[in-house]
Amino acid sequence: ALLWTVGLVHAGLALFEGIPLSVVGMSFFANGVYALLLKDFPFVAFSSLRFLAGLVMLILNHYAAFQYFLTVWYPFPEVLAYFTICLWLVPFVFFISLSASENVLPTTASTTHVSLD
């Protein structure tokens, strides 16, 4: 649901704010790559092609956004909101949910009863 919500925000920015389709398309593609990570989630292999593609798309998405915001002036809070919602939210939620799931993984703890006799 989060990927769809961020996608709708991108579509709204393209329609109402005039964000170029190249920047929005890059973000849609990045979100598609992030969605591929959900197949094996919460198991993420750092050397897998999906994970590496996600990192590459994260960097390229930031580069495209920086290039756009260097040429078109927006107030800083709006730029920060764009980066927070459109670029950082999905990867951050992935990271947080990975660390949160470590606390709920099943363990192999055995229960032994100690006799005090």
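Helices are taken here as DSSP runs of H or I spanning at least four residues, numbered from the N terminus. In this predicted model, Asn61 lies within helix H3, which covers residues 49–71. The relative accessible area of Asn61 is 2%, and because the limit for burial is under 20%, Asn61 is classed as buried. When residues up to four places away in sequence are set aside, the contacts of Asn61 comprise Val23, Met26, Ser27, Ala30 and Leu87.

The aromatic residues were examined next. With ring centres required to lie within 6.5 Å, the model contains 9 aromatic pairs. One of them joins Phe46 and Phe51, whose ring centres are separated by 5.1 Å and whose planes meet at 75°. Since an interplanar angle over 60 degrees defines the edge-to-face class, the Phe46 and Phe51 pair is assigned to that class. The two partners differ in exposure: Phe46 has a relative accessibility of 59% and is therefore exposed, whereas Phe51, at 19%, falls under the 20% limit and so counts as buried.

An edge-to-face arrangement is also found for Tyr68 and Phe69, because their planes are inclined at 65°, with the ring centres 5.1 Å apart. Tyr68 and Phe69 are both buried. These two residues also belong to an aromatic cluster, in which they are joined by Phe66, Tyr74, Tyr82, Phe83 and Trp88.

Methods:
Residues are numbered from 1 along each chain as its sequence is written. This is a predicted model: local features need pLDDT of at least 70, side-chain atom pairs count only at pLDDT 80 or more; totals for chains, interfaces and linings use all residues. Side-chain values use heavy atoms; hydrogens and water are left out. Helices (H or I, at least four residues) and strands (E, at least two) are DSSP runs, numbered from the N terminus. Buried means under 20% relative accessible area, exposed over 50%, partly exposed in between (1.4 Å probe, protein chains only). Contact means heavy atoms within 4.5 Å. Rings of Phe, Tyr and Trp (its six-membered ring) pair if their centres lie within 6.5 Å; planes under 30 degrees apart count as stacked, over 60 as edge-to-face and the rest as tilted.
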